[in-house]
Amino acid sequence: MKVAVVGAVGLVGTELMKLLAREEHLWSNLEVVPFGRGSAGSTVNFKGSEIEVRHLRELPEKKWDVIFLMADETASEYVVESLRKKGKLSDTLVIDNSSRYRLEEGVPLVVPEVNGNLLRTFSGGLIANPNCSTVQLVVPLAPLHDVLKVRRVMVATYQSISGAGHKALNEFRRQIRGDAPSPGEPQYAYNLIPQIGDIDSRGLCKEERKMIYETEKILSSGGLEKPLPQVIPFTVRVPVIRGHSQAVFVETESDCSLDEFKGILGRSPGVKLFPEDENYPMPAYISGSTMVHIGRVRKDDKGIFTFWSVFDNLMKGAAYNAYQIAREVLGIGERILTSYEQG
Ligand SMILES: NC(=O)c1ccc[n+]([C@@H]2O[C@H](COP(=O)([O-])OP(=O)(O)OC[C@H]3O[C@@H](n4cnc5c(N)ncnc54)[C@H](OP(=O)(O)O)[C@@H]3O)[C@@H](O)[C@H]2O)c1
């Protein structure tokens, strides 16, 4: 199988290359070719060998089984539109991690544990990988909605610096060594930034808009009953290197006990539940994990449920979700049942 990885030297691309190397045995005759722009001509390590990063403009010239787009919106648009023009898009499995095509009609936006049913009949073309904070929210939200009908979910995010890519991470590392912010860069070190992306006329920043619209698109394609939950996000960048956290508040139509609520979360695909109050997940300890870790689950006297959630934004929030999509479409490895299919 010929696989192109665009953005292979980036934070997400690096994780994807590691996943492919680790699971090479599952793929038949795997050939991985890394692509980039500034990094073209340099090398990346793949299974102990140095392989050259090719320039992105060479990509449309060749035939690929799978293309992982792990760069930015411009790179994704260049690849997708080049393939469209050549009439080759539907023959190739293209998984895009940028936000360029996520809300485009006809492009599946997939978290396998939630709406992986869309992948069962997918034969080729473009699939979008959701925003990391959206993935983190929908993995527990979909099974809760399925059983309890969630009316409203309020979520405060605590998003790590690696979520903003390798340049932001390098800047953060400089700042914690004592350097002042570079021109045009925010103060990341010892600070909290309550805005991720531009703010619109309603006061919502881009990350919050992504969480609202992408959640709606994913849940409405997962076979879940309507009306869908109202999503009220507040997104914050925090001085953590890797691992996003969320405080989630859930209002449901149907009541249940705290134990039943924990039971739903504990059975949910992709969730690792910490059922005891004083043993909870934290970003420092979950690097490399592919699960959404949930702890401090509680219920107040008005019937509102609250929980704390932590996951690796570079893995389940990006590289691993994309990799799962590829495996599901190609029928490689074990099938992932959605909570809806699992019953
Ligand atoms: N980081 C996360 O937690 C996360 C989560 C979900 C989704 N995403 C999305 O995943 C993508 C990658 O994120 P990242 O954090 O890995 O970013 P990153 O560390 O900045 O890496 C992106 C890589 O893409 C390459 N690239 C950028 N523009 C390009 C272009 N026009 N042509 C060719 N190569 C180009 C760059 O490589 P060169 O050095 O070769 O130019 C860069 O190393 C982004 O779309 C991001 O929004 C990230």
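Begin by selecting Thr 157, which stands opposite Gln 246 in strand E11. The model is a predicted one, in which local features need pLDDT of at least 70, side-chain atom pairs count only at pLDDT 80 or more, and totals for chains, interfaces and linings use all residues. Residues are numbered from 1 along each chain as its sequence is written.

**The antiparallel strands**

Extend the selection to residues 150–158, strand E9, and residues 244–252, strand E11; these two pair in the antiparallel sense over eight bridges. Helices (H or I, at least four residues) and strands (E, at least two) are DSSP runs, numbered from the N terminus, and two strands pair if DSSP finds at least two bridges between them. Next, add residues 305–311, strand E14, which pairs with E11 in the antiparallel sense over seven bridges. Here Ala 247 has Trp 308 of E14 as its bridge partner.

**The parallel sheet**

Move now to the open sheet of six strands, whose order is E5-E2-E1-E6-E7-E8, with parallel pairing. Strand E5 (54–55) and strand E8 (125–128) are at the edges, and each has a single partner strand, so one side of each is left without a neighbour in the sheet. Select residues 31–36, strand E2, to see its parallel pairing with E5 over two bridges. Phe 35 has Arg 54 in E5 as its bridge partner.

Which helix touches E6, E7 and E8? Helix H8 packs on the sheet there, and its direction makes about 160 degrees with that of strand E7 (93–96). Helix H1 lies across strand E1 (2–6), E2 and strand E6 (66–69), running at about 160 degrees to E1. Axes are lines fitted to C-alpha atoms, for helices over the stretch in contact, and angles run from 0 to 180 degrees between N-to-C directions. Two residues are in contact if their C-beta atoms, placed from the backbone, lie within 7 Å.

**The crossing of H4 and H8**

Select residues 132–148, helix H4, together with H8: their axes come within 8 Å and cross at roughly 90 degrees. That makes H4 roughly perpendicular to H8, a term that covers angles of 65 to 115 degrees. On the H4 side, the contact is made by Cys 132, Val 135 and Gln 136, and on the H8 side by Lys 316, Gly 317, Ala 318 and Asn 321. These residues divide into three nonpolar, three polar and one charged. Ala, Val, Leu, Ile, Met, Phe, Trp, Tyr, Cys and Pro count as nonpolar, Asp, Glu, Lys and Arg as charged, and the others, Gly among them, as polar.

**The two domains**

Colour domain 1 (2–130 + 318–342) and domain 2 (133–313) separately; the bounds come from an automatic or database domain assignment. Their centres, taken over C-alpha atoms, are 24 Å apart. At the interface, 22 residues of domain 1 are in contact with 25 residues of domain 2. Helix H3 (112–115), H8 and helix H9 (339–342) each supply at least two residues of the domain 1 side. That side has twelve nonpolar, eight polar and two charged residues.

**The ligand**

Finish at the ligand, which 29 residues surround; the closest are Gly 7, Gly 10, Gly 36, Ser 39 and Gly 165. A residue is near the molecule if its C-beta atom, placed from the backbone, lies within 6 Å of it. The shell draws at least three residues from each of domain 1 and domain 2. Helices H1 (11–22), H2 (73–85), H5 (166–176) and H8 (315–330) each supply at least two of its residues. H1 gives the most, with three residues. By class, the shell has eleven nonpolar, 15 polar and three charged residues.

How values were computed. Parallel < 35°, antiparallel > 145°, perpendicular 65-115°, else oblique.
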